Amino acid sequence: MNVCPCGGVPAGASYEQCCGPALANDAWPETAEALMRSRYTAFALGAEDHLFRTWHPGTRPADTTVDPDTRWAGLQVDSVAAGGPEDEHGIVEFTAHHVTAGRPGSMHEISEFARRAGRWMYVGPAAC
């Protein structure tokens with residue numbers, strides 16, 4: 001069993017049990033955290049179509065290309081505020097670890113998510 005690149009939910013779950021259905025467009029993530037995890041997995045696997053369709057059209061850039069020189073090496077969810085199945089907005093704070101040009105690094109973000117047509121969408125970094 002291959003653990004999902006996002007670390008799996010529940011912890012250690014396989015790609016097929018975790019983010020696979022979202023990236024295959026077979027199921028839409030039910031929470032803001034699940035959407036964020038699926039987007040991390042899309043970055044890790046180069047699934048640009050998933051990034052495009054899950055980015056809120058009001059904030060989505062014209063180019064959602066994944067950097068092929070970056071290898072995503074792990075995800076840590078730091079906190080989640082709202083973003084559940086009954087919510088309309090949610091905030092997920094995370095740290096994504098990567099290796100670029102042979103050098104380790106990390107990206108920390110507090111992300112905002114909102115429902116659009118009943119589906120969670122990534123809005124962008126939260127205004128703090």
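UniProt, in an unreviewed entry, places the feature "domain: YchJ-like middle NTF2-like" at residues 31-123. In the predicted model, the chain over residues 31-123 is 23% helix and 47% strand. The C-alpha atoms at the two ends of this segment lie 14 Å apart.

The largest nonpolar core comprises 25 residues, of which C6, L75 and F113 touch the most other members. Two or more residues are contributed to this core by each of α2 (32-45), β1, β2 (89-100) and β4 (119-125). Helix α2 supplies the largest share, five residues. Leaving aside residues up to four places away in sequence, F113 touches A32, L35 and M36, together with E88, H89, G90 and V92. The contacts of F113 further include W120, M121, Y122 and V123.

Two salt bridges were counted in the model. In one of them, R37 pairs with E33, with a separation of 3.0 Å between the closest N and O atoms. Both R37 and E33 belong to helix α2, where they are four residues apart, about one turn of the helix. R37 is classed as buried because its relative accessibility is 12%, under the 20% limit. E33, by contrast, has a relative accessible area of 23% and is partly exposed. A salt bridge also links R53 to D49, the closest N and O atoms being 3.4 Å apart. R53 and D49 are four residues apart in helix α3, and therefore about one helical turn separates them. D49 is partly exposed, at 47% relative accessibility.

E109, located in strand β3 (residues 103-116), is buried but has no salt bridge. The nearest side chain of opposite charge is that of R39, at a distance of 7.2 Å, whereas a salt bridge requires a nitrogen-oxygen separation within 4 Å. The side chain of E109 does, however, make a polar contact of 2.5 Å with the side chain of S111. Apart from residues up to four places away in sequence, E109 touches V92, E93 and F94, as well as Y122, G124 and P125. V92 and Y122 are also among the residues touched by F113.

P68 occupies the loop between α3 (48-54) and β1 (70-82). This residue is classed as exposed because its relative accessible area is 74%, over the 50% limit. P68 and D87 are separated by 19 residues in sequence, and their C-alpha atoms are 35 Å apart in space.

How values were computed
Residues are numbered from 1 along each chain as its sequence is written. This is a predicted model: local features need pLDDT of at least 70, side-chain atom pairs count only at pLDDT 80 or more; totals for chains, interfaces and linings use all residues. Side-chain values use heavy atoms; hydrogens and water are left out. Buried means under 20% relative accessible area, exposed over 50%, partly exposed in between (1.4 Å probe, protein chains only). Lys and Arg count as positive and Asp and Glu as negative; His and the chain ends are not counted. A polar contact is a pair of N or O atoms within 3.5 Å; within protein, one must be able to donate a hydrogen and the other to accept it, and residues adjacent in sequence count only if both atoms are side-chain atoms. Contact means heavy atoms within 4.5 Å. UniProt positions are given in the numbering used here, feature names are shortened, and annotations may be inferred rather than shown by experiment. A nonpolar core is a set of buried Ala, Val, Leu, Ile, Met, Phe, Trp, Tyr and Cys residues joined through side-chain atoms within 4.5 Å.
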